[in-house]
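Open the model in your viewer and keep the selection panel at hand. Each stop below says what to select and what is there.

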Protein chains: 2
Amino acid sequence: MKDSKVAEPKRLEDEGVTPSASQPGKRERTKQANREAILLAAAKVFAELGYGATTVRDIIRQTDLAAGTFYNYFKSKEEVFEALSDQSALRVRPRLRDERVKAQNFEGFIIGSFRTFFEYAESDRDYFNVMRRNTGALRVRMDTPEIVAGFDELEQDIRDGIAQGLLPDVDPSYLTGAMIGVAFEVCDRMLQREPIDVDNAAKFASDLFLGGLRSMTGKS
Amino acid sequence: MKDSKVAEPKRLEDEGVTPSASQPGKRERTKQANREAILLAAAKVFAELGYGATTVRDIIRQTDLAAGTFYNYFKSKEEVFEALSDQSALRVRPRLRDERVKAQNFEGFIIGSFRTFFEYAESDRDYFNVMRRNTGALRVRMDTPEIVAGFDELEQDIRDGIAQGLLPDVDPSYLTGAMIGVAFEVCDRMLQREPIDVDNAAKFASDLFLGGLRSMTGKS
DNA sequence: CTGAATTGTTGACGGGGCGTCAACTTTGGT
DNA sequence: ACCAAAGTTGACGCCCCGTCAACAATTCAG
């Protein structure tokens with residue numbers, strides 16, 4: 001059936017145009033692209049239909065992939081949502097870490113942390129809204145690795161701060177919880193306002209915490 | 001047809017043994033019983049399998065009812081969970097309200113609210129644990145009527161407190177969020193400890209808030 | 001008490017999403 | 001050019017869901 005003629009010119013590979021970008025093989029590149037296509041589609045569909053109403057097929061339909069392919073990348077729609085959470089946490093964590101490293105005292109620590117978190121939430125509003133509408137405001141997925149890691153990191157920094165005398169000697173675990181709780185709940189309300197006033201929210205959270213911590217200084 | 005004889009002794013109804021309890025007809029009583037049987041079974045199964053893994057049939061299997069009957073009482077397993085949340089909120093709300101009404105100043109308000117909430121959480125630990133373990137998937141459902149009402153009530157009380165000068169003049173919505181966030185997150189950590197120390201957790205949350213609010217007094 | 005109407009229960013059934021898998025296609029190495 | 005390895009495909013079987021027509025229990029009227 002096949003024409004044995006070899007005259008057919010090797011057609012240039014469509015994707016070979018950017019030589020410097022071709023470091024990884026084509027295999028690896030498609031994998032990357034597919035994964036990102038699924039994540040993108042998922043973010044879109046979650047926002048449209050809500051997490052609960054979305055099916056895996058709804059997501060895959062937004063891509064040019066087949067149903068089965070989805071499962072080469074994620075075990076379930078829940079895992080896609082976790083991956084989106086991971087992405088988000090992955091973006092905000094370095095910023096938070098920088099702020100904390102910069103802090104020379106507990107005021108800077110508190111102010112920097114809240115401000116950075118609120119600023120990020122405002123910039124990644126789409127994701128936060130999906131999260132809010134579909135997970136409720138309280139608590140994020142505790143089985144999302146990057147988020148858990150972020151919480152642990154915060155707690156460790158708080159322990160260090162206490163050890164170094166930057167923070168008053170209070171229960172580190174409770175203090176971490178309190179910061180997280182205030183951050184998420186105030187953030188939630190901030191995002192529902194028009195216009196969104198990051199300054200105001202950050203100031204409120206910082207003032208509350210700074211006053212509270214100051215009053216706790218010296219207590220065991 | 002009708003026998004005119006009146007001599008036949010009215011036989012006691014089987015269920016008529018407790019005359020005072022027979023007010024509602026049998027129909028109404030079975031309905032109540034079925035509903036409670038389902039709620040009880042659901043609480044048990046959720047605790048055993050986790051919310052996500054539980055199916056409606058798992059729940060109904062723990063009762064002597066048929067599958068279809070479930071849907072005479074609840075639309076879905078989600079609605080059963082909401083009903084459990086409602087039950088819980090229904091129990092704690094009056095206690096919180098009492099505490100708040102009793103409060104003569106903002107210190108009493110804060111201390112009473114946190115203490116009562118933590119005490120309740122410890123007493124209803126089974127439900128809170130189910131909620132915690134599945135908060136990823138559900139979180140505290142923001143569409144659970146009793147919970148929403150409880151949040152609204154807290155916010156209204158905070159507004160009143162501010163109007164009366166019992167609380168400093170800060171953003172009431174943010175303050176409500178901060179209290180809720182701290183309450184849930186600190187509660188979460190409290191329940192994971194052994195032994196559970198309600199005093200400690202309540203003291204931490206109260207101190208933090210009291211110090212914070214005191215420092216905010218006089219600020220706009 | 002008796003029959004009819006009303007209300008509640010039952011479990012089988014159709015519908016649909018899920019995750020798998022054998023056949024197929026594409027890639028990369030020789 | 002050929003082959004092994006890796007990835008893709010979509011049809012399939014499974015299970016859960018929510019409904020519904022048939023059935024049972026309760027209530028009501030006479």
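The tour takes chain A as a whole, then the protein surface around a DNA strand, then a few single residues.

**Stop 1: chain A**

Keep in mind throughout that this is a predicted model. Select chain A and colour by secondary structure. You should find 9 helices and 0 strands. Step through from the N terminus, and the order of elements reads α-α-α-α-α-α-α-α-α.

Now colour by accessibility. Chain A has 220 residues, and 49% of them count as buried. Switch on the molecular surface. The accessible surface of chain A is about 12,100 Å². Carbon and sulfur atoms account for 51% of that area.

How do the contacts of chain A spread along the sequence? Take the contacts between residues at least 6 apart: 67% of these join residues at least 24 apart.

**Stop 2: DNA strand C**

Select DNA strand C and show the protein residues around it. There are 20 of them. The ones that come nearest are Lys26(A), Arg57(A), Arg27(B), Asn34(B) and Thr69(B). Both protein chains A and B are in that list.

Which parts of the strand face the protein? Of the strand C atoms within 4 Å of the protein, 66% belong to sugar or phosphate. The rest belong to bases.

Zoom in on three phosphate contacts, one at a time:

- Arg27(A): a backbone N or O atom lies 3.0 Å from a phosphate oxygen of strand C.
- Asn34(B): a side-chain N or O atom is 2.5 Å from a phosphate oxygen of strand C.
- Tyr73(B): a polar side-chain atom lies 3.3 Å from a phosphate oxygen of strand C.

Then zoom out to the elements behind this surface. In chain A, H1, helix H2 (56-61) and helix H3 (67-73) each give two or more residues to it. In chain B, helix H1 (26-49) and helix H3 (67-73) do so. H3(B) gives the most, with 4 residues.

Colour the surface near strand C by residue class. You will see 5 nonpolar, 7 polar and 8 charged residues.

**Stop 3: Asn34(A)**

You have just visited Asn34 in chain B, so select Asn34(A) next. Asn34(A) sits in helix H1 (residues 26-49) of chain A. Is Asn34(A) buried or exposed? Its relative accessibility is 17%, so Asn34(A) counts as buried, the cut-off being under 20%.

Show the surroundings of Asn34(A). Leaving aside residues up to four places away in sequence, Asn34(A) touches Leu65(A) and Tyr73(A). With Tyr73(A) there is also a polar contact of 3.1 Å between the two side chains.

**Stop 4: Phe151(A)**

Move on to helix H7 (residues 145-163) of chain A and pick out Phe151(A). Phe151(A) has a relative accessible area of 14% and is therefore buried. Add Gly177(A) to the selection. The two residues are 26 apart in sequence, and their C-alpha atoms are 8.7 Å apart in space.

**Stop 5: the cis peptide bonds**

Finish with Glu194(A) and Pro195(A). The peptide bond that joins them is cis, with omega about 0 degrees. Pro195(A) lies in the loop between helix H8 (172-191) and helix H9 (198-216) of chain A.

Now go to chain B and select Glu194(B) and Pro195(B). Here too the peptide bond is cis, and omega is near 0 degrees. Pro195(B) is in the loop between helix H8 (172-191) and helix H9 (198-216) of chain B.

Notes:
Residues are numbered from 1 along each chain as its sequence is written. Chains are lettered from A and ligands numbered from 1 in the order in which they are written. This is a predicted model: local features need pLDDT of at least 70, side-chain atom pairs count only at pLDDT 80 or more; totals for chains, interfaces and linings use all residues. Side-chain values use heavy atoms; hydrogens and water are left out. Buried means under 20% relative accessible area, exposed over 50%, partly exposed in between (1.4 Å probe, protein chains only). A polar contact is a pair of N or O atoms within 3.5 Å; within protein, one must be able to donate a hydrogen and the other to accept it, and residues adjacent in sequence count only if both atoms are side-chain atoms. Contact means heavy atoms within 4.5 Å. A residue is near a molecule or strand if one of its heavy atoms lies within 4 Å of it. Ala, Val, Leu, Ile, Met, Phe, Trp, Tyr, Cys and Pro count as nonpolar, Asp, Glu, Lys and Arg as charged, and the others, Gly among them, as polar. Accessible areas come from the Shrake-Rupley method with a 1.4 Å probe; for residues, only the protein chains shown count as cover.
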